[in-house]
Amino acid sequence: GIRLIGANPESAKVVGRWVNEVQEAVSSPNDMVQFHALSLLYEIKKNDRLAISKMVTQLTKSNMGSPLGVCLLIRYISKILNDDASASVARMAQTFLESSLRHRSEIVIYEAAKAICTLDNLDQRDLNPAITVLQLFLSSPKPTLRYAAMRCLSEVSMRHPMAIVKCNDDMEALISDPNRSIATLAITTLLKTGSESSVDRLMKQINSFMNEIADE
C-alpha cells in the first residue's frame, strides 16, 4: 500500500479507499501489522490536518502494543505540535509524550525524550522529565543508548545549556568511553555546559584524549 500510494495519482486513489481496512489493521494484535498500518494510514490522511489530529487523538487513548508503532505516533505528535496545534490538542500531545517516558520499551522512551527536547517554545522546566531519562541512559551498558542520549543532550546544549548541567558528572565519565564518538560528544557538550573550573579540568582530559587518538 505504501508503495502504491506514492506510485501515481490513480493508485493513490485506490489505496485511499482502503482507509477502513487500514484503520482496523492498526488495532491488530501483531506488532508489525500495527506499525505498517499506522504508517499507511498517515500517508492516506497526511494532507488533511484535521483528520491527522483526530487520528492521533484517538490513538493516544488506545493501548498500542507495537513499540515501533508508538514511535511513529510520537513523531506524528511532534510534527503536529511544531505545526502550531490547538491548545487542547497540544495538552493531549504533551501529556502523551510525558507518559511515554515511562514506557516499557527503551526505544519508545528515547523517542519521547527526543521529541520533547526538539519541541519549539519549551522552557527548561518542561525539558526536565526528558533530560532525567536521557541522564539515566548515559550510564547504560548499551553503547547505542549512551550514544543516542549523548547526541540528544548535545543538541539540547545548543539551545538550553543550563538544562543539562545536572548531567555534567555523567558526561565527564563518558570522556573515557571506549566508543570515540560518545567520548567526543561528551567533550564538546561539556565545553558548553561546564563552569570555568570544570572547563580547566576538562582541557587536561582533552589533551589525554587527543594523545590516545594519536597513539591509535
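**Helix H5, the nonpolar core and the cysteines**

Visitor: In this predicted model, which residue has a backbone nitrogen within 3.2 Å of a side-chain oxygen of Asp48 at the start of H5?

Guide: The start of helix H5 carries a contact from the side chain of Asp48. One of its side-chain oxygens comes within 3.2 Å of a backbone nitrogen, and that nitrogen belongs to Leu50.

Visitor: How far apart are the end C-alpha atoms of H5?

Guide: Helix H5 covers residues 49-60, which makes 12 residues. At 1.5 Å a residue, the expected span is 16 Å. The model agrees with this expectation, since the end C-alpha atoms are separated by 17 Å.

Visitor: Which residues does Met55 touch, leaving aside those up to four places away in sequence?

Guide: Met55 is among the buried residues of H5. In the largest nonpolar core, which has 67 residues, Met55, Val56 and Leu134 touch the most other members. Helix H6 (residues 67-82) gives the most to this core, with nine residues. With residues up to four places away excluded, Met55 touches Leu38, Leu41, Tyr42 and Tyr76.

Visitor: Why is there no bond between the sulfurs of Cys117 and Cys152?

Guide: A disulfide requires sulfur atoms within 2.5 Å. The cysteine sulfur closest to that of Cys117 lies in Cys152, and the pair is too far apart for a bond because the separation is 4.2 Å.

Visitor: Is Cys167 buried or exposed?

Guide: Cys167 takes part in no disulfide, as its nearest cysteine sulfur, in Cys117, is 9.5 Å away. The structure holds zero disulfides. With a relative accessible area of 0%, Cys167 is buried.

Notes:
Residues numbered from 1 in each chain as written. Predicted model: local features only at pLDDT ≥ 70, side-chain atom pairs only at ≥ 80, totals over all residues. Heavy atoms only, no water. Helix = DSSP H or I, 4+ residues; strand = E, 2+ residues; numbered from the N terminus. Expected span 1.5 Å × (residues − 1). Buried < 20%, exposed > 50% of the residue type's maximum accessible area, 1.4 Å probe, protein only. Polar contact = N/O pair within 3.5 Å; in protein donor to acceptor, adjacent residues only side chain to side chain. Core = buried A, V, L, I, M, F, W, Y, C linked by side-chain atoms within 4.5 Å. Contact = heavy atoms within 4.5 Å.
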